[in-house]
Amino acid sequence: MHGKIVLLLALLVTISCSKSGSSNNGEGRAIVWPSQTGITPVIEGAVNFSLSATDDHLNVMENTMPRMPNYPQVKAKKNRMSGFVADLAGRPLAGAYIGLRTPGTVYVASSAITDQDGYYDMEIPLGGADIHAAGYTIEYGQGQAAMSLYPADGNVAVTNAEKGVVKHFVMLSYGLADPAKRASEPWSAAGYFGGSLRFDYVLYDAMWDPKGLPFGAEIVLKLSPVAGSTLYAETRSFTITRKVGNGINNFIINNIPVGIYTITASLKSGTKLRMRNTGSYVSVYPNHGLQPRSAVETAKLLFTAMDVDKRTANVNFGNWRPVNITLELP
């Protein structure tokens, strides 16, 4: 009897270890994250941009992509996908969501949540699958925001499933997302990991639009991050000058490093402008967008997330809606 009890206890210990294999990298040893010294890029200084009356979009971080973290080693396991999820500073993210779907459907066939070491492990469905979702929910302002994750190798495909797939992910505050989206719709926020703003205005008309902006004027917008509010200590400020003329009366600013900003709006002549948060999502996200909703010259700015549920965040996808701001004379 004593021997049977010992054998049973040993079996229970073995089962327990196999269930918690994500805590030891699936290789029977504790996970040790490598040094991350010098990984987080320094995003500081002040940058100026000048737009014509026909320019309808701007990517303030241009083609800059941050360096990827150093991940622990993990061996591929047959018919399984595993790896680590971290922030840009190389800190493991517990509770991140990774979902696979069978090709040609939106059905999530397999999913996993990362453990305390940022490790996940899941079965790849028979016949193969694509990475459908990869997200992490952060506290943002007085609310939450679901962040889309970026595959560290830049590839969202799952190939050679029978041999096993190792796929690491990182949470970015800015950067280039889905290249196909940027190619087809370069103005779309979905192509960038940073926050997005859309500005609209009308031309001045003494009778019909007395609050419209004067033809030939220049709009001056300044974005300055609130100290301590950005995800990775980015301090870079942005000044955008936009000409008012016979062109397009709206423009979008994309890829602003995620954080809380102070925004100021005026004409180059010195005239202060009123900013009004408009659009269909103003009431849906009361803690995001322009704060207050209407302000002359200066306001706080929080970007508007697509959702707060990490399971809805498509992989390699800009998960911020443009904050719609109407500019007008006060």
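Here is a short chat about the strands and sheets of this predicted model.

Biologist: Before we start, what should I know about the numbering and the pLDDT limits?

Modeller: Residues count from 1 along each chain as its sequence is written, and side-chain values use heavy atoms, with hydrogens and water left out. Totals for chains, interfaces and linings use all residues, while side-chain atom pairs count only at pLDDT 80 or more and local features need pLDDT of at least 70.

Biologist: Thanks! In which order do the strands lie in the open sheet that includes strand 2?

Modeller: Strands (E, at least two residues) are DSSP runs, numbered from the N terminus. Two of them pair if DSSP finds at least two bridges between them. This open sheet has six strands with mixed pairing, in the order 2-14-11-22-16-18.

Biologist: Why is one side of strand 2 and of strand 18 left without a neighbour in that sheet?

Modeller: Strand 2 (57-59) and strand 18 (294-296) each have a single partner strand, so one side of each has no neighbour in the sheet. The reason is their place at the edges.

Biologist: Which residue of strand 18 is the bridge partner of Arg 274?

Modeller: Strand 16 spans residues 274-278 and pairs with strand 18 in the antiparallel sense, over three bridges. Within strand 18, the partner of Arg 274 is Val 296.

Biologist: Moving on, is strand 7 mostly covered or mostly open, and how many of its residues are buried?

Modeller: Buried means under 20% relative accessible area, with exposed over 50% and partly exposed in between (1.4 Å probe, protein chains only). Strand 7 covers residues 130-140 and is mostly covered. Of its 11 residues, the number buried is eight.

Biologist: Which residue of strand 7 is the bridge partner of Tyr 97?

Modeller: Strand 4 (residues 97-101) runs antiparallel to strand 7, and five bridges join them. The strand 7 partner of Tyr 97 is Gly 135.

Biologist: And in the hairpin of strand 7 and strand 8, which residue takes a positive phi?

Modeller: Strand 8 (residues 143-151) is antiparallel to strand 7, with six bridges between them. Tyr 140 stands opposite Gly 143 in strand 8. The hairpin has two residues between the strands, and the one with a positive phi near 60° is Gly 141.

Biologist: Last one: in strand 13, what is the bridge partner of Ile 219?

Modeller: Strands 12 and 13 belong to an open sheet of six strands in the order 1-13-12-15-19-17. Strand 12 (residues 218-225) and strand 13 (residues 237-243) run antiparallel, joined by six bridges. The partner of Ile 219 in strand 13 is Arg 242.

Technical notes
Helices (H or I, at least four residues) and strands (E, at least two) are DSSP runs, numbered from the N terminus.
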